Amino acid sequence: MIEKIFKKIETRAIQENVFSLIGRDWMLITAGKRDHYNMMTASWGTAGVLWKKPVIMIFIRPQRYTYECVEKQAHFTVSFFNEKHRDLLNLCGTTSGRDLNKMNIDDFTPIETPSGSVAFEEAKLILECRKIYYDDIEPDFFQVFDIEKIYPKEDYHRFYIGEILQVWEK
C-alpha cells in the first residue's frame, strides 16, 4: 500500500521547484494498471492551477507507446526521483515499451495508488492525476516559428491536463 511508504500531502505543500523537478530532474509518466502499464521519461511539462484545480500538463508524441496507454486510461501518475535513478530515467526515455517490457525493470518497484494507477516505491514524489482535458499541438498557432524545428517529422505532441488528485511524498 502506498500509504505505508509515502505520506499524503497537499499540492501547495510541495517544497521543490517545479521547473527543476520537470526540466532538470525529469519526470516519469506512467499509465495503466498493475497487470499492464508503461512509463516514459519526460522533461517537458508544466504544473499550476487551472479551472480552480491543481493540474499538471504532460506532452506525449503520438508514436510513443505510453501515448497508447494514456489514451486508454482515465488516470496517470507522474513520479520524480533522486539523481541516483538517472540511468533508469534515461532508459525509460530512450527505449520504447514496444521494444522493452518496462514492467520487468528490476530497479523499479511498482506500487498501486488509490485510483488503481501505478507509481514506484523508489520515487521521492508522486502526483496521482485524472485526465480532464487533452488537445494536440497545432503548428498553425506557433507564434515563434523556430519551434517548428523541434518537429522535423511533424509528429506534434498531444498534451494532457491532469487534475492532481493526490500528492505522495517520502
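**Entry 1: Arg 86**

I began with the contacts of Arg 86 and found that Arg 86 touches Arg 24, Asp 25 and Trp 26, leaving aside residues up to four places away in sequence. I note here that the model is predicted. I placed Arg 86 in helix 3, which spans residues 86–94. Is Arg 86 buried or exposed? I recorded a relative accessibility of 17%, and because buried means under 20%, Arg 86 counts as buried.

I then looked at the charge of this side chain. Arg 86 lies over the face of Trp 26, at 4.0 Å from the ring centre. I also found a salt bridge between the side chains of Arg 86 and Glu 83, at 3.0 Å from N to O. Glu 83 counts as exposed, with a relative accessibility of 53%, whereas Arg 86 is buried. I noted next that salt bridges with shared partners join Glu 16, Arg 24, Asp 25 and Lys 124 into one network. Two members of that network, Arg 24 and Asp 25, are among the residues that Arg 86 touches.

**Entry 2: salt bridges between distant parts of the chain**

How many salt bridges does the count come to? I obtained 10 salt bridges. I examined two further pairs from this set.

I found that the side chains of Lys 53 and Glu 163 meet in a salt bridge, at 3.9 Å from N to O. This pair links distant parts of the chain, with Lys 53 in strand 5 (residues 53–60) and Glu 163 in strand 10 (residues 158–169), 110 residues apart. I listed Lys 53 as partly exposed, at a relative accessible area of 28%, and Glu 163 as buried, at 11% relative accessibility.

I turned next to Arg 61, which forms a salt bridge with Asp 155; their closest N and O atoms are 2.7 Å apart. Arg 61 lies in the loop between strand 5 and helix 2 (65–72), and Asp 155 in the loop between strand 9 (125–136) and strand 10, so the pair ties together parts 94 residues apart in sequence. I recorded both Arg 61 and Asp 155 as buried.

**Entry 3: aromatic pairs**

I searched the whole structure and found 10 aromatic pairs. The ring centres of Trp 51 and Tyr 133 are 5.9 Å apart and the planes stand at 65°, so I entered the pair as edge-to-face. This pair, too, links distant parts of the chain: Trp 51 is in the loop between strand 4 (45–50) and strand 5, and Tyr 133 is in strand 9, 82 residues apart. I noted Tyr 133 as partly exposed, at 37% relative accessibility.

I set beside this the aromatic pair of Phe 142 and Tyr 151, which is stacked, with 6.3 Å from centre to centre and 15° between the planes. Phe 142 and Tyr 151 are both buried. I also recorded one aromatic cluster, formed by Tyr 37, Phe 81, Phe 108 and Phe 120.

**Entry 4: Ser 79**

I closed with Ser 79, in strand 6 (residues 75–80). I found Ser 79 buried, with a relative accessible area of 0%. Which residues does Ser 79 touch, not counting those up to four places away in sequence? I listed Trp 26, Met 27, Leu 28, Ala 119, Phe 120, Ala 123, Leu 125 and Ile 126. In this list, Trp 26 is the residue whose ring face lies under Arg 86, and Phe 120 belongs to the aromatic cluster of Entry 3.

Notes. Residues numbered from 1 in each chain as written. Predicted model: local features only at pLDDT ≥ 70, side-chain atom pairs only at ≥ 80, totals over all residues. Heavy atoms only, no water. Salt bridge = Lys/Arg side-chain N within 4 Å of Asp/Glu carboxyl O. Helix = DSSP H or I, 4+ residues; strand = E, 2+ residues; numbered from the N terminus. Buried < 20%, exposed > 50% of the residue type's maximum accessible area, 1.4 Å probe, protein only. Phe/Tyr/Trp six-rings, centres within 6.5 Å; stacked < 30°, edge-to-face > 60°. Lys NZ or Arg CZ within 6 Å of the ring centre and 35° of its normal. Contact = heavy atoms within 4.5 Å.
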